[in-house]
Amino acid sequence: MAGEFSITNVTGQGFDYQSYLEKYKELKLIPVNLMNQQIEDIKKKKEALNAIYDKLSALMSPSLDLTLETTYETKKASFSNPDVASATVSDDAVDGTYSITVNALATANKWKVGTVAPVTDIDQKFTQSGSLTINYLKDGSATSLVIDYNNKSLRQIMEEINQSEDLEATIINLGSSSSPDYQLIIKSKNTGTDNAITGIDDSLNPGDDTAGIFSEDSTKTYETVAAQNAEVVIDGVTFSNSSNTLSGVINGVTLMLKDTGTTELTISDDYSGVKGKIEDILNGYNQLKTIIRLATGKGQPLQGEASLNSIATSIFGIISSYLGKYGLLDTEGDVETTKGLLKLKEDAFNDFIKRDDAKSVLQDLGRALENYLNAYSDSLYITDQKYSERISSIEERIQSMTESINREIENMRIRFARLNTYLAEMQSLQLRIENFAKGLSLQTNDQ
């Protein structure tokens, strides 16, 4: 229409640049996300590699032990009647068989302490002044414990005795629940006649039953269990001992008496430790082989790392070369489920260990494994370090790229903000022009 005026391509609303920038940043971060995924993949490789490294390291200890002389120098004690005695054996024990007869076990001395009047409450305190003297032997030397019982209960007297290094006490009821009669039982902590209680005396009652708290009357204060030494006959020779533990009678053997009776003690070489080391190596190999197979399988973190499979193959070769030719190895279960896992043939081991060269064969096995494990442990460590370096390198790239993207987005945000301001100004200018055009059109029409 003649006389109309308009301005085009200027929006009347502000530009929504925030959603645009978010989408733009999302697209720009795609390479960063891919690198983060790379890091996660490498971390999984590190984790799998460390698991293999741990299994490899676990083989080191039993391999090293096989090289040591002390591994083959242990002794063991066996009894025909283990109810009679037991023993601990040191490496310097002499092989042999001993006939042992235990005639008596060492016992601790026990006394019951009577009272002139029944004690019906163990927490009621005595009002009389006096003391209880317990005379006893300590490793053959006379000594005593004196308890001042004034203003103390029977429980407190018991507790004070129990603080002694040599004596202990308990309380028993010689009466009934309705009419109690509590009395002390005092006993030596150590067995044998050299630690016996020699007498118990109440200072208020030196031989007089009518006074004092504790009575010396034989019907009330008396020995309930006599002190006794252990008596044992070893190969016809009789030994007496204050304790049920005998050391030094048999070289390198500590004998613990358990009951009276007769038994035969045999001291011999103990190869259970050697057998245990070999079994530890075989179990370690099985675990290592399994974890490598799982970690390098299809879709697993270390898929395609064929060199790792050579670890198990090499260790199998070492084990087989030293043990296989003696028939010591067997496979566990069926081939399909075990994938060549190994176990020790016990009967074959029992025959093998009697060979004169058994120790040298096993020591050579230990040294061969130790050398290989050291070398490959270093190789795995270096690989792990390379993984760590790759992670650090990618993280630096991610940081640099992220900072660059953030700067770019911030610059665009500023520019869009300025554009929004410009658009707002253009909108205001459009309105003024449109209003001016309308006014001009009205004037023209009026004319």
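This passage describes the fold, the aromatic pairs, two helices and several loop residues of a predicted protein model.

Because the model is predicted, local features were considered at pLDDT of at least 70 and side-chain atom pairs at pLDDT 80 or more, whereas totals for chains, interfaces and linings use all residues. Residues are numbered from 1 along each chain as its sequence is written, and side-chain values rest on heavy atoms, with hydrogens and water left out.

The protein chain contains 9 helices and 17 strands, where helices (H or I, at least four residues) and strands (E, at least two) are DSSP runs numbered from the N terminus. Of its 447 residues, 33% count as buried; buried denotes under 20% relative accessible area, exposed over 50%, and partly exposed the range in between (1.4 Å probe, protein chains only). Among contacts (heavy atoms within 4.5 Å) between residues at least 6 apart in sequence, 71% join residues at least 24 apart. The chain exposes about 24900 Å², of which carbon and sulfur atoms supply 48%, the areas being obtained by the Shrake-Rupley method with a 1.4 Å probe and, for residues, with only the protein chains shown counting as cover.

The structure holds 5 aromatic pairs, a pair being rings of Phe, Tyr and Trp (its six-membered ring) with centres within 6.5 Å, classed as stacked when the planes are under 30 degrees apart, edge-to-face when over 60, and tilted for the rest. In one of them, the ring centres of Y20 and Y24 lie 6.3 Å apart with the planes at 20°, so this pair is stacked. Both residues belong to helix α1 (residues 17-28), in which they are 4 residues apart, about one turn of the helix. Y20 is partly exposed at 39% relative accessibility, and Y24 is likewise partly exposed, with a relative accessible area of 22%. For F126 and Y149, the centres are 6.4 Å apart and the planes stand at 80°, so the arrangement is edge-to-face. This pair links distant parts of the chain, 23 residues apart, with F126 in the loop between β4 (110-113) and β5 (131-138) and Y149 in the loop between β6 (141-148) and α4 (154-162). Both F126 and Y149 are buried.

Helix α5 (residues 272-295) comprises 24 residues, and its end C-alpha atoms are 34 Å apart, in agreement with the expected span of 34 Å, which is defined as 1.5 Å times one less than the number of residues. Its buried residues include V274, I278, I281, L282 and Y285. In helix α2 (residues 30-58) lies L34, which is exposed with a relative accessible area of 54%.

Turning to the loops, N195 is located between β8 (182-188) and β9 (197-202) and is buried at 5% relative accessibility. Not counting residues up to four places away in sequence, N195 touches L137, K138, D139, S188 and N190. Of these contacts, D139 lies in the loop between β5 and β6 and, at 61% relative accessibility, counts as exposed. The phi of D139 is near 50°, a positive value in a residue other than glycine. Most residues other than glycine have a negative phi. A positive phi, near 65°, is also found in N151, which occupies the loop between β6 and α4 and is partly exposed at 48% relative accessibility.
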